[in-house]
Amino acid sequence: MPSDRPAPGERAKAVGFSAVVGGIAGAALTAHRGRRATALGALLGGAGLGASEAVARARQRPGEIPALWQRIAVSAALVAPVGWAAERVTRVGPTVVGTATGAIGGTLGIRPQKVVMGPLLGAAIGSAFARRRPAPAAVVAATTMVAYRTLSAVLFRDSAVSLLADRVSPTDLPFVVPLGAQTRYVGTGYVRALADKLGGSYVAAAPDVGIVASLDEIAGPDFDPKGVDPQVREFYEHTTRFSLDIVPEWKLWVRPGYLLYRTVVARPLGQASVPMNQREALRGIRGRIDTISSTRDGVVDVRGWIRSFADNDEPIYVGIYTTYRDAERGYVSVGFPVPQGSFTATLVPRARPGGLVLSSRSPLEHPGHYLTYIDTTTGELTTLAVPGFAEELDVYVQDGELRAEHAFWVFGFPFLVLHYRMQRKDEPAR
């Protein structure tokens, strides 16, 4: 499905960006030698990284991302000025800079082994620099990133992401939700803003609506909706009839990284900010489904399940729920809008006694997770597959009570389970 190589204009932008990054990095790496050396370093850094980007793009085959060596060079160039700034502001030494740089690399690497390896490797490299005449922090940061990414490539050969498609039509990727955010902040008003763009009839907090129109839409060889407990069917088809209590269970090893992600990414973005513990969940969670319907037939085209904290409406997540069929099997795809793109979870249904399991853990082609950039001019999609991420939602009835467990894994390691209890809003509290 990939298209041809990037257009000359796109290559020029990439080369220009790398040249700027290289120039800043070159200046940071040579700043300790004086102004002339700094100016020369900026010139050489810009020319060098720009030239390597041009070579990488010229060698890039259709459907490939730029070569690993170039990605390593760019990442090292990005952290060099960060190390320089940290040294100037805080006066930290090489060991701290190396450890912090390794921690950044490990956190971005996602895989638990990388999360651990990053700061340990960084501390070792920083300590080695500190034993002799202390090296500039920019040099320590860049060296640490190169060493970390090179060692990661040797030890972990299965990539965290892979390019699935480049500049294709949304019809070529029916398992991807092609709806992104038009602003840097997603927030609880996303569906309203989307309605203004798409047109149609917008309903906030639509009454008596579900995240799917009917479970029959996702019937298949492994799932017969007729075997589902009526409460489970009602929950999916009339989600707004229910209130949800949530108890998050985070694994200890992932908490530091998640706290960093939530502070730096999720909250400023207004998207995907799961409660850290039960105490946060006790703030109360408000859920609603906003819809957009065609003005011609009134059929709901977009279902956006919006969850936020009850006390201040701070977003927890905004998910766009869709279904589609591939031959004889139905799927559920949930798109989480981000600026100019989306993160999609495509789940395949599986029967369980009286209930339903939706899972991305499947040998089938389409279930999985996908990060998509949406060209705002053409509507074309560039999509990365994220094979290291997996999730499974198990909805069932136990002792007459509707419950669910939503489990998540990264590279096979469990890191989060969300425990839900669902109760009809018109029923007395238990």
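Biologist: Which side chain does E392 meet in a polar contact?
Modeller: Keep in mind that this model is predicted. E392 is found in strand β12, residues 389–398. Beyond four places in sequence, its contacts include R350, L358 and W409. The polar contact, at 2.9 Å, joins the side chain of E392 to that of S359.

Biologist: Which residue stands opposite V348 in β9?
Modeller: Strand β9 covers residues 355–359 and pairs with β8 over five bridges. The two strands run in the antiparallel sense. Opposite V348 stands S359.

Biologist: In the hairpin of β8 and β9, which residue takes a positive phi?
Modeller: This hairpin has two residues between its strands. One residue there has a phi near 75°. That residue is G354.

Biologist: How many bridges pair β7 with β8?
Modeller: Strand β7 spans residues 329–338, and β8 spans residues 341–352. One pair of bridge partners is V332 and L347. The strands pair in the antiparallel sense, and the number of bridges is seven.

Biologist: In the hairpin of β7 and β8, which residue takes a positive phi?
Modeller: Two residues sit between the strands of this hairpin. The phi in question is near 60°. It belongs to Q340.

Biologist: What is the bridge partner of G341 in β10?
Modeller: Strand β10 covers residues 368–374. Six bridges join it to β8, and the two run antiparallel. The partner of G341 is Y373.

Biologist: Is S214 buried or exposed?
Modeller: S214 lies in the loop between β2 and α8. A polar atom of its side chain lies 3.1 Å from the backbone nitrogen of D216. Its relative accessible area is 18%, and the cut-off is under 20%, so S214 counts as buried.

Biologist: Which residues does S214 touch, not counting those up to four places away in sequence?
Modeller: The loop that holds S214 leads to α8, residues 230–237. The residues it touches also meet each other in a salt bridge of 2.7 Å. Both lie in helix α8, four residues apart, about one turn of the helix. They are R233 and E237.

Biologist: What is the relative accessible area of E237?
Modeller: Its salt-bridge partner R233 is partly exposed, at 22%. E237 itself is buried. Its value is 13%.

Biologist: Why does the salt bridge of E314 and R283 tie together parts apart in sequence, and how many residues lie between those parts?
Modeller: The side chains of E314 and R283 meet at 3.5 Å, N to O. E314 lies in the loop between β5 and β6, whereas R283 lies in the loop between α10 and β4. The pair therefore ties together parts whose distance in sequence is 31 residues.

Biologist: Is E314 buried or exposed?
Modeller: Its partner R283 is partly exposed, with a relative accessible area of 27%. E314 has 17% relative accessibility. That value makes E314 buried.

Biologist: What is the relative accessible area of D290?
Modeller: D290 forms a salt bridge with R288, with the closest N and O atoms 2.8 Å apart. D290 is buried. Its relative accessible area is 0%.

Biologist: How many salt bridges does a search of the whole structure find?
Modeller: Some salt bridges share partners. In this way D208, E234, R241 and R424 are joined into one network. The search of the whole structure finds a total of 18.

Biologist: What is the phi of D208, which is not a glycine?
Modeller: D208 lies in the loop between β2 and α8. It is partly exposed, at 41% relative accessible area. Its phi is positive, at about 50°.

Biologist: Is R91 buried or exposed?
Modeller: R91 is found in the loop between α3 and α4. It has a positive phi of about 65° although it is not a glycine. With 67% relative accessibility, R91 counts as exposed.

Biologist: What is the area of the nonpolar surface patch made by L260, Y261, V264 and V265?
Modeller: One of its members, V264, is found in helix α9, residues 255–269. V264 is exposed, with a relative accessible area of 54%. The patch made by the four named residues covers about 320 Å².

How values were computed:
Residues numbered from 1 in each chain as written. Predicted model: local features only at pLDDT ≥ 70, side-chain atom pairs only at ≥ 80, totals over all residues. Heavy atoms only, no water. Patch = residues over 30% accessible without salt bridge, like charges linked within 9 Å, V, L, I, M, F, W, Y side chains within 5 Å. Areas by Shrake-Rupley, 256 points an atom, 1.4 Å probe, with all protein chains shown as cover. Buried < 20%, exposed > 50% of the residue type's maximum accessible area, 1.4 Å probe, protein only. Polar contact = N/O pair within 3.5 Å; in protein donor to acceptor, adjacent residues only side chain to side chain. Contact = heavy atoms within 4.5 Å. Pairing = 2+ DSSP bridges.
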